[in-house]
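Visitor: I would like a close look at a single part of this protein. Please set the scene with the whole chain, then take me to the pocket and one helix beside it.

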Amino acid sequence: MNILARRAIAKPLVPGWTIPFEIATLFYRKQFNHAFSLPSMVEGRAYFDSLYTIALPTLPVRIQASTAQEPRGHWFIPEVSSGSKTMLYFHGGGYAFYPTVSRHFIALLAHKLQIRIFAPDYRLTPEHAHPAQQEDALAAYGYLLERGAPPTEIVLAGDSAGGHLVLMTLVSLRQAGLPQPALALALSPWTDIGRRGASQFGHDRYDMVQGYQTLQYGQWLKGSGEWSDTQLSPIAQDLRKLAPIYIQAGGKEILVDMIRDFARQAKNQGAPVRLDVWPDMTHEFHAHGSTLQQSEQALTALLAAIQWTEGRVFDSIKETELSGLDSVFNKAQPEIIKPE
C-alpha cells in the first residue's frame, strides 16, 4: 500500500519500473533483512521459505531428485528440449540460502531455455565454509563427464553466489587439468567478496540484496580458515584459457560495479567475455520471466548464447556494454578450450 500511495502522488522508485516489479523488489528486500535479523540460520531459512512470489506457478518441467549414485541435487527436465546440451546450474543465495523460490527459478530456466538442468545441492555456509562449495561443484561437473557428457555439451551457469561459483569453477577446472565447458553463464554474479565499487552500498535503495549482506556472506564463506578476499574472489584470479563467459546484470543492482570491473579485467586478460546490462534492473531480475519485458529479453539472450555453442551467430544487443574477443562471440562454432 505504501508503494501505491507514493506512486499515486510522486513517481516510481526508478523510471520504467512496473508496480509489480517494484512491489516484488521491496518485498524480497524485507524478506532478506528479516531473515538476517533472526538468531539462527535455521530460522532465517525457514522464514524466507514461509512466503515468496513466483512469476509462473505452473511450468511443464519435471523435477527429479538425484539418485544415491549421483551428487546430491535435482534434475530439472523440461517437457520440450531443443538440443543435446546439459546445464550444470549453481543456485544463488549468498552460499547461505537455498530457498524454494530458487528451485522455481531453475525450473523457469529449464522451460525457457529448453535445456536439461542438474542443480547440485551444494553445502551451505556458515555451517560449511570454503572449499566445501568448490569441492561439490567440481564433483558435480566430474559426474557429468563420467556419465558420458562431453564438455562440448555442458553449459555451466549460476546466479549471484552461484555466478561466483561458476567463475571460480572455471579456474579450478583449468588448475585440475579438466576440460572447460562449452559456455559459462553468470547472472548477476558476485565477483569480489570484499568491498568494491560505489554501487555495493550506493544502490541499497534500489536492490533487494543489501551491501552489508555481501560482507557477511564473505565472512561466512571464509569461515575460520586462512582464506583472504583475494583468494576467494573471481576478479583476482588468472582468467586466461577459460570457457567463453556471458554475463548479465542489472544497472541498479548493488553488484553492478564489481561485475563491470570483472568483465574489464577478463577482457584485459584476453578472456572471451561479454557483458550485457539492463540499466533499470536489479539483482536477478530474470526471475520475473514473461511478466517483465527486460526479464524476457535477458532469457532470450541466454537462449541465443546456448544456441551459439551449436553453430549460430550470437549477435550483440543494445544492452551489450562490453564484448571481449568479438571474433569468438560473433561467429559460429566456438573454439573449445582443452586442458593443457
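Guide: Of the 340 residues of the protein chain, 56% count as buried. Keep in mind that this is a predicted model. The chain has eleven helices and nine strands. Its C-alpha atoms fill a box of roughly 60 × 45 × 40 Å along the principal axes. Is that in line with a compact globule, or at odds with it? For 340 residues, such a globule would have a radius of gyration near 20 Å, and this chain has 19 Å, so the two agree. Contacts also reach across the sequence. Take those between residues at least 6 apart: 76% of them join residues at least 24 apart.

Now to the largest pocket. Its volume is about 740 Å³. The lining is made up of 40 residues. Nearest the centre lie Y28, V101, M208, E284 and A287. Three elements give two or more residues to this lining: α2 (19-37), α4 (100-113) and α8 (211-222). Of these, α2 gives the most, with six residues. What is the lining like chemically? It divides into 23 nonpolar residues, 15 polar and two charged.

Stay with α4, one of those lining elements. This helix has 14 residues. From its first C-alpha to its last it reaches 20 Å, close to the 20 Å expected at 1.5 Å a residue. Is α4 enclosed or open? Ten of its 14 residues are buried, so the helix is largely enclosed by the rest of the structure. Buried here means under 20% relative accessible area. Read along the helix and you meet V101, S102, F105 and I106 among the buried residues. The run A107, L108, L109 and A110 is buried too. K112 and L113 complete the set. One of these, V101, is also among the residues nearest the centre of the pocket. A general rule helps in reading any such list: an α-helix has 3.6 residues a turn, so residues three or four places apart point the same way. Just after α4 comes Q114, whose phi is positive, near 55°.

Finish with a buried residue in a strand. L275 lies in β8, which covers residues 273-278. At 1% relative accessibility, L275 counts as buried. What surrounds it? Leaving aside neighbours within four places in sequence, L275 is in contact with I247, A249, I259, R260 and A263. Its contacts also include E319, T320, E321 and L322. S316 is 41 residues from L275 along the chain, yet their C-alpha atoms are separated by 9.8 Å.

Note on methods:
Residues are numbered from 1 along each chain as its sequence is written. This is a predicted model: local features need pLDDT of at least 70, side-chain atom pairs count only at pLDDT 80 or more; totals for chains, interfaces and linings use all residues. Side-chain values use heavy atoms; hydrogens and water are left out. On a 1 Å grid over the protein atoms alone, a cavity is a set of points where a 1.4 Å probe fits but cannot get out, and a pocket is an open set with protein on both sides within 12 Å along at least five of seven lines; lining residues have an atom within 4 Å of a point. Grid points are joined across faces, edges and corners, and a volume is the space filled by probe spheres set on the points. Helices (H or I, at least four residues) and strands (E, at least two) are DSSP runs, numbered from the N terminus. Ala, Val, Leu, Ile, Met, Phe, Trp, Tyr, Cys and Pro count as nonpolar, Asp, Glu, Lys and Arg as charged, and the others, Gly among them, as polar. The expected span of a helix is 1.5 Å times one less than its number of residues. Buried means under 20% relative accessible area, exposed over 50%, partly exposed in between (1.4 Å probe, protein chains only). The radius of gyration is taken over C-alpha atoms; the globule rule is 2.2 Å times the number of residues to the power 0.38. Contact means heavy atoms within 4.5 Å.
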